[in-house]
Amino acid sequence: CCCPSSGISLVLGLHRRSCASTGTLEVKGPLSFWGGGRVNPLDTKKAEPVYEPATGRVLCDMVPCGPDEVEQAVKNAHAAYLKWSKLAGMERARVMLEAARIIREQRDEIAKVEVINNGKSITEARVDIDVAWQCIEYYAGLAGTLSGQHIQLPGGSFAYTRREPLGVCVGIGAWNYPFQIAAWKSAPALACGNAMVFKPSPMTPVTAVMLAEIYAQAGVPEGLFNVVQGGAETGSLLCHHPMVAKVSFTGSVPTGKKIMEMSAKGVKPVTLELGGKSPLIIFKDSELENAVKGALMANFLSQGEVCCNGTRVFVQREIMPQFLEEVVKRTKAIPVGDPLLDGTRMGALISRPHLERVLGFISEAKKQGAKVLCGGEPFVPSDSKLKGGYFMTPCVLDNCRDDMTCVKEEIFGPVMSVLPFDTEEEVIERANNTTFGLAAGVFTRDVARAHRVAENLQAGTCFINNYNISPVEVPFGGYKMSGFGRENGQVTIEYYSQLKTVVVEMGDVESLF
């Protein structure tokens with residue numbers, strides 16, 4: 001019932017009537033993982049259905065973890081941390097490199113399962129899995145470089161600093177990049193010598209446990225990376241647990257505030273990667289072909305379900321007609337449909353309620369005076385098995401104003417709002433007039449202007465003449481209500497470790513008493 005090459009599927013208990021095609025995957029077996037294996041919570045009465053976005057059918061049941069399960073997972077993680085933290089960085093690196101190798105080997109299989117659980121196109125999912133193994137490989141490279149500083153003091157005395165792990169870290173993931181986020185959070189944590197308990201989104205519970213299997217196969221101590229399934233209640237138990245040293249969360253602003261509040265009770269450091277309503281500024285001197293491509297990448301990746309998307313597209317008035325003509329032509333040509341087909345460029349949104357919410361934003365925009373230039377409607381593919389899927393046509397809105405709901409609030413769907421501007425000073429002020437600050441972009445041929453605008457934009461990541469490029473070597477995170485802390489890059493080591501100062505006296509104590 002499985003493809004001969006799909007070792008992970010056999011381990012995970014995924015059964016197919018055929019090789020992972022849309023509408024055929026059956027997920028069997030528990031989706032939580034601790035103590036070196038998959039575990040089902042004792043109380044299965046609270047099981048929630050998990051849907052396949054492309055078909056609307058039930059993919060599996062997600063059984064949330066309660067206090068007993070969270071306790072077991074955290075204790076397992078702590079026991080593993082005591083062993084893992086005593087290894088040299090190079091020893092940890094070898095295990096992590098093996099995990100990266102296994103992910104590379106199983107890339108297509110993991111990507112298929114990700115698509116079936118999340119709805120995004122297989123082309124994007126393969127990139128996500130590549131980013132995941134690259135992230136683990138990158139932090140494996142940093143694991144052996146962790147070091148402190150030596151400070152000379154008078155009389156031959158000295159001090160030194162040590163960079164030490166925190167202990168058990170909690171990762172709470174989002175449904176738009178399930179496997180990739182699990183890697184982004186676990187790789188720096190493990191490189192620093194920590195253990196992790198990871199809670200995926202209840203809507204996308206399937207692939208995080210595949211990562212747990214891979215880490216175990218690579219040789220991490222039993223319990224080093226654990227997966228507990230569940231929603232808000234499970235997340236609350238993790239944030240409040242006294243043995244948890246740090247919480248890293250990706251998701252919405254309201255949930256991020258709650259995570260911060262709960263973690264504050266135990267004085268736990270948090271990393272928050274929250275929402276965005278990012279500006280993309282296109283000047284009249286930009287290379288129009290690239291600007292159009294950038295706007296499409298900034299709005300329609302993963303059906304628009306990307307927190308750093310540049311959904312407020314500011315176009316200098318002189319080139320607005322040419323820009324709109326080209327962007328609408330290309331948006332209409334985006335192939336929407338079965339996400340497992342190589343030719344598909346836009347799959348299904350995550351859920352029926354989310355699809356209705358996105359369509360509701362478009363209705364509201366029309367009432368407020370926006371003009372729909374294309375898309376923005378429910379879409380039913382011709383393939384009969386996709387009739388119950390959560391599809392819509394990508395949408396471009398013209399005649400937008402800064403005070404419209406579609407321009408102010410995060411839609412998290414394939415909706416591009418286009419706004420005209422006249423001057424650089426004006427557009428910077430408008431671009432920054434938001435509570436969010438995750439990302440921003442600027443297209444121009446003027447090098448001085450590009451750097452000047454990037455300097456003045458209030459955002460954690462600024463793209464010049466491109467958009468939505470996130471190499472693992474580069475820090476990612478927000479300003480303002482888009483959160484704080486960073487993921488990826490060398491700086492993230494600081495968020496998964498703590499600094500100890502050791503002062504060494506080489507002479508006699510000079511006492512006042």
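Is I151 buried, partly exposed or exposed? In this predicted model, I151 is partly exposed, its relative accessible area being 30%. The residue belongs to strand 7, which covers residues 150–152. Together with L153 and V503, I151 makes a nonpolar surface patch of about 230 Å².

Let me turn from the surface to helix 6. This helix comprises residues 178–191, and 14 of its 14 residues are buried, so the rest of the structure largely encloses it. Its length also agrees with expectation: 14 residues at 1.5 Å a residue should span 20 Å, and the end C-alpha atoms are 20 Å apart. After helix 6 comes G193, which has a positive phi, near 100°.

Next, I would like to consider strand 12, residues 244–250. Here 6 of the 7 residues are buried, so this strand too is largely enclosed by the rest of the structure. Strand 12 runs parallel to strand 9, residues 168–172, and 5 bridges join the two. Within that pairing, I172 stands opposite F249 of strand 12. Strand 12 also pairs with strand 13, residues 270–273, in the parallel sense and over 4 bridges. There, T250 has E273 in strand 13 as its bridge partner. Between these two strands the chain passes through helix 9, residues 253–264, and the resulting β-α-β crossover is right-handed.

I come now to the charged side chains. Side chains of opposite charge can pair when their charged atoms come close. Across the whole structure, a search finds 30 salt bridges, and I shall describe several of them.

In helix 3, residues 89–105, R101 and E105 are 4 residues apart, which means that about one helical turn separates them. Their side chains meet in a salt bridge, at 2.8 Å from N to O. R101 is partly exposed, at 32% relative accessible area, whereas E105 counts as exposed, at 55%.

The pair K120 and D128 has another setting. Both residues are buried, and their salt bridge has its closest N and O atoms 2.6 Å apart.

What does the salt bridge between E318 and K284 tie together? The closest N and O atoms of this pair are 3.2 Å apart. E318 lies in the loop between strand 15 and helix 11, and K284 in the loop between strand 14 and helix 10, so the pair ties together parts that are 34 residues apart in sequence. E318 is partly exposed at 46% relative accessibility, and K284 is partly exposed with a relative accessible area of 46%.

Finally, R107, D108, R126, D130 and D342 are joined into one network by salt bridges that share partners.

Key: Residues are numbered from 1 along each chain as its sequence is written. This is a predicted model: local features need pLDDT of at least 70, side-chain atom pairs count only at pLDDT 80 or more; totals for chains, interfaces and linings use all residues. Side-chain values use heavy atoms; hydrogens and water are left out. Patches are made of residues with over 30% relative accessible area and no salt bridge: like charges are joined within 9 Å, nonpolar side chains (Val, Leu, Ile, Met, Phe, Trp, Tyr) within 5 Å. Accessible areas come from the Shrake-Rupley method with a 1.4 Å probe; for residues, only the protein chains shown count as cover. A salt bridge is a side-chain nitrogen of Lys or Arg within 4 Å of a carboxyl oxygen of Asp or Glu. Buried means under 20% relative accessible area, exposed over 50%, partly exposed in between (1.4 Å probe, protein chains only). The expected span of a helix is 1.5 Å times one less than its number of residues. Two strands pair if DSSP finds at least two bridges between them. A crossover is right-handed if, with the strands pointing away from the viewer, the path from the first strand over the helix to the second runs clockwise.
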